[in-house]
Structure formats: C-alpha cells, structure tokens
Amino acid sequence: MAWIKRNLFFVVGGILAIGLLGAAGFYNYKGWSHNTAAKDELQKIYNELNELATKKPSPGNEKINNKQAAKDQERVYREWIQQASEHFQPIAPIPNPGNNVVSSEAFASALRRTIDLLQHEAEAASVVLPPKYSFSFEAQRSLLKIAPASLGPLSEQLGEVKAVAEVFYAAHVNSLDGIQRVRVSDDDASGSQADYFEGHSVTNNLAVLTPYQITFRSFSPEVGEVLAGFASSPHGFIVKSVNVQMAGAYTATASAMYGEGGPPPPPPPPTAPTPMMTGKGGLQTVLDEQLLRVTLVVEIVKLLPKR
C-alpha cells in the first residue's frame, strides 16, 4: 500500500493505459468483423454474377416449359403488331400508277381533278374555303412541267392532303382556312408561304412521319368531331399539337400566313340563339358559344416495308 501511495500517479496512469488499450482492441475487432462480413457479401454477389454470366438459357423442367412460354409470348406480340397495323393503313398516292412511275402530265391532270373534287366536297359539306383554294398546291397548279424528281413525293402529299381535308368535311367545320405541307419540290420555292409548313419528315426504324399544319374555324363540338375523326381513321394520324383562340382574334397572324392578299373572308356569323324561358319568373337559358379558330399539327405515320 505504501508503494501505491508513493506511486499513485503511476498506478492511475497504468490503469488508464490498460483501459485505452482494451478499447482500441475492441474497436479494432469490431472493424475487422465488419470488413469480413462485407467481404463475404461481396464474394457472394460476385459468385452470383459469375454464375449468371456463364449460365445458358434453360429449356425448363417437368413443371415449366420455357420454350413453349417463349413461343406463346412471340405469338401474342405478333397478334398485337397485326392489330396495331390496321390503324396505320397507307394512304394511296394521287395518281397511283401500277409501276409507281408518275409522269408530269399524269400528276398535273390528277391535281386538277383532285382540287376540283375537294372543292365540290367542301360545298356539299357546307365548309367554307378560301377563294380559288388549291389545297397547298398553288405552285404546281399552273405548271405544265413539274420537277421530275419530286413527282413521287408530290403524289404522296396530294393523297395525304385529300385524306386530311375529308376528315374536316366529315366533321362539318365552319371553314377550312388552310392546309400547310412540307416542301418536297424545287417548284415549292416559288409557292406562297401560306402553303408550307416549316417542318420536315422524320424517318426512324419503323416509319416515316410527315407533318401537316391545318387551320380551321368551328365551334367546340366540331373540334371534337375532328379529333375523333383522326383517332378513328384507318390511317396513321397523330395530332401533335392543338392551338385554339377566338376566331375574332386572328388578324396579324392570318395576314402573315396568307400573304399580301390577307386572310380569307370569315364565314357568316352564326345566328343568335333564341332565349328559352324555363317558366314564369324563371331564368333564361341561352347558348352563347364563340366561334373558334384552331390550328392543328398532324403527323402521318407511314410504316416502312417489312424486311
């Protein structure tokens, strides 16, 4: 005891040193255990990945037939592709010769007939058109000789424009102000800006997507009919954008679109609805819908031939 009293600080320091060494050993052992567990987990994951990398697809066993399951899935996918293709039927070009060779004379004649037909269909459907409208083919309408390299694309566009216009005729819109297409011919460089849409066709692994911009005026029910017409069409129509404004608000935009001649005259304003009384002292029910000016961007999806 006397020695401890004489060396009290030494004894206390020794006890503290032993405690610190024990704590250090404990933490070292804990870290070593954690590292060992992490190493074992990493080795397990590595073994599983190595097994998956070297394993070949199994045909199955007496309970599971993987080969038959793969065949069933392939059949389902092919049936789905067949059903989907029914909504992407190609639009026939105008003219559509059997040898796919379009002459300048044949296209010019078909263009005149198609424009005349579309004008008569618009009249029958009570759809107002701009005066002497050429359905975006004003540049080609007066030509006797059309750039030979563009006859094929132009005939495709003529067929597509006809299909697009007839959707609006079926919906009985008030007026079809304009259809704009992408330029495909050298002759288009001299055409009116109102006939063209500053876009381009896009080709991917499955199809060619060609955009058109259409401006029309109608009430909201007819807008719904137009969208329903595109949705139910057997052809691949995709409505990419819809821009709606009040018909009376289009001034400078339409003037720029139709050039110096200005926009076409608007159709006659709708007759004001007659108020209907709900009863003596009751409220009047009046339909006060505004005429709309709508601009659609529609893409036509043309599937590539099967390889």
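This report looks at a pocket and a few backbone oddities in a predicted model.

Residues are numbered from 1 along each chain as its sequence is written. Because the model is predicted, local features need pLDDT of at least 70 and side-chain atom pairs count only at pLDDT 80 or more, while totals for chains, interfaces and linings use all residues.

Let's start with the empty space. The largest pocket has a volume of about 1100 Å³. Here, a pocket is an open set of points on a 1 Å grid over the protein atoms alone, where a 1.4 Å probe fits, with protein on both sides within 12 Å along at least five of seven lines; lining residues have an atom within 4 Å of a point. The volume is the space filled by probe spheres set on the points, which are joined across faces, edges and corners. Of the 30 lining residues, Leu 206, Lys 302, Leu 303, Leu 304 and Pro 305 are the closest to the centre of this pocket.

Now for the backbone. Most residues other than glycine have a negative phi, and most peptide bonds are trans. The bond from Ile 94 to Pro 95 is cis, with omega near -5°. Two residues that are not glycine have a positive phi, Ser 136 and His 172. In the table, buried means under 20% relative accessible area, exposed over 50% and partly exposed in between, using a 1.4 Å probe and protein chains only.

| Residue | Phi | Relative accessibility | Class |
|---|---|---|---|
| Ser 136 | about 80° | 0% | buried |
| His 172 | about 55° | 48% | partly exposed |

Terms used
Side-chain values use heavy atoms; hydrogens and water are left out.
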